[in-house]
Amino acid sequence: MRAAVLHETGQDKLEVLDDIEAVGFGPGKVRLRLRATGLCHSDLSAMAGVLPQPAPFVPGHEGAGEILDVGDGVTGLSAGDRVLVCWLPACGGCPSCQRGQTELCLTGFMNAGTPNFRRPGGSPEDVFGMSGTGTFAEEIVLPAPCAVPIPDDVPYDIAALIGCGVTTGLGAVFNTARVEAGSSVAVIGCGGVGISVIQGARASGAAQIVAVDPVESRREAALRFGATEAVAPDGLDTAKNSVTAGEGFDYVFEVVGRSATARRAYEITRRGGTLCVVGAGALDDFLQLNMFELFFDEKRILPSLYGGGDVLRSYRRTIDLWRAGRIDLDGLITHRVRLGEINDAIGQMRTGEALRTCIEM
């Protein structure tokens, strides 16, 4: 089958190969035929080494498709079922799951250390999948909890987005920050996840939503999706003064994953306000705060991993909001490519041209 492979961490481009095999099928597993997958910035971060990931590997973790086969012991799933890929499944039994913090379950991360592809005769033969998945492939073998059934009225491309970016952005608003109606919000970074944050803030009744991004097309998109104002980074202080009379925003979402933007987000958060860190950053990138400001300003700093809540509940809520017309998921997909054009899609994301690209399999 075909799959896009990164041979070494740090390479800019993927190689699309046609001799990759999905391996590991057996008890507790499902074999899935991918129909659509989204390109997420986390894929680029893993390629660059910002996010830890063994190589060689097949990127992609935001996908949807149909089940081809189920292994022994799998219940609730059958061949032909339409599913989305959950890259961070909950085991249900670890301390985090028992506390109700299923997004902190480490089972999915442990899966990333086991190769789930193979290239016969290749060097090396074993190929990993990003975050234990690897959706830039025509077929994939996954633990059954990674395959979440979707209703018949949800298209594969929409389901793929719900599998990561949309859930991450909406969840940061609903689950982590819990934005209140009438509040002021700033969103730094307006790619697919940032736009989802904006839509969540609008659905929560935020009165002012300021979008911040250096790319003009993304600022224009932010306004279409519910931002009340969109500025380049150098216009942020002016927006803060005009919207909040200089006090700072009630909620600020950092959706870039860099200490410099997180520090900037902290500075524009009002005293007693909430900074929600959504962007996935590097191990060696440190955020600096002095102890006096941390104590005196009483700003809440809330990281949000995968939307900070029960992802299965978040999936259902997202589908309900989409059906009701409260959020626009179709409009998030600005580009569509085939698997062989994956490097074009990567270039579009790096320049900021694309919000979300759907790779149709």
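Student: Why does Arg224 count as exposed?

Tutor: This is a predicted model, and in it Arg224 has a relative accessibility of 58%. The cut-off for exposed is over 50%, so Arg224 counts as exposed. You'll find Arg224 in helix 7, which covers residues 216-224.

Student: How far is Arg224 from Glu15 in space?

Tutor: C-alpha to C-alpha, they are 35 Å apart, with their positions 209 residues apart in sequence.

Student: Okay, on to the helices. What makes helix 5 roughly perpendicular to helix 11?

Tutor: Look at the angle: helix 5 (residues 165-177) and helix 11 (residues 311-323) pack at about 95°, their axes 10 Å apart. Angles of 65 to 115 degrees count as roughly perpendicular, so helix 5 is roughly perpendicular to helix 11. On the helix 5 side, the contact includes Leu170 and Phe174, while Tyr315 and Leu321 are among the helix 11 residues. By class, that contact has five nonpolar, five polar and two charged residues.

Student: And the sheet: what makes strand 14 and strand 17 edge strands?

Tutor: The six strands form an open sheet with parallel pairing, in the order 14-13-12-15-16-17. Strand 14 (229-231) and strand 17 (300-303) each pair on one side only, and that puts them at the edges. On average, neighbouring strands here are turned by 15° against each other, direction ignored.

Student: How do you know that strand 13 and strand 14 pair?

Tutor: Count the bridges: strand 13 (residues 208-212) shares three with strand 14, in the parallel sense. Pairing needs at least two bridges, so these strands pair. Within them, Val212 stands opposite Val231 of strand 14.

Terms used
Residues numbered from 1 in each chain as written. Predicted model: local features only at pLDDT ≥ 70, side-chain atom pairs only at ≥ 80, totals over all residues. Heavy atoms only, no water. Helix = DSSP H or I, 4+ residues; strand = E, 2+ residues; numbered from the N terminus. Axes fitted to C-alpha atoms, helices over the stretch in contact; angles between N-to-C directions. Parallel < 35°, antiparallel > 145°, perpendicular 65-115°, else oblique. Contact = heavy atoms within 4.5 Å. Nonpolar A, V, L, I, M, F, W, Y, C, P; charged D, E, K, R; others polar. Buried < 20%, exposed > 50% of the residue type's maximum accessible area, 1.4 Å probe, protein only.
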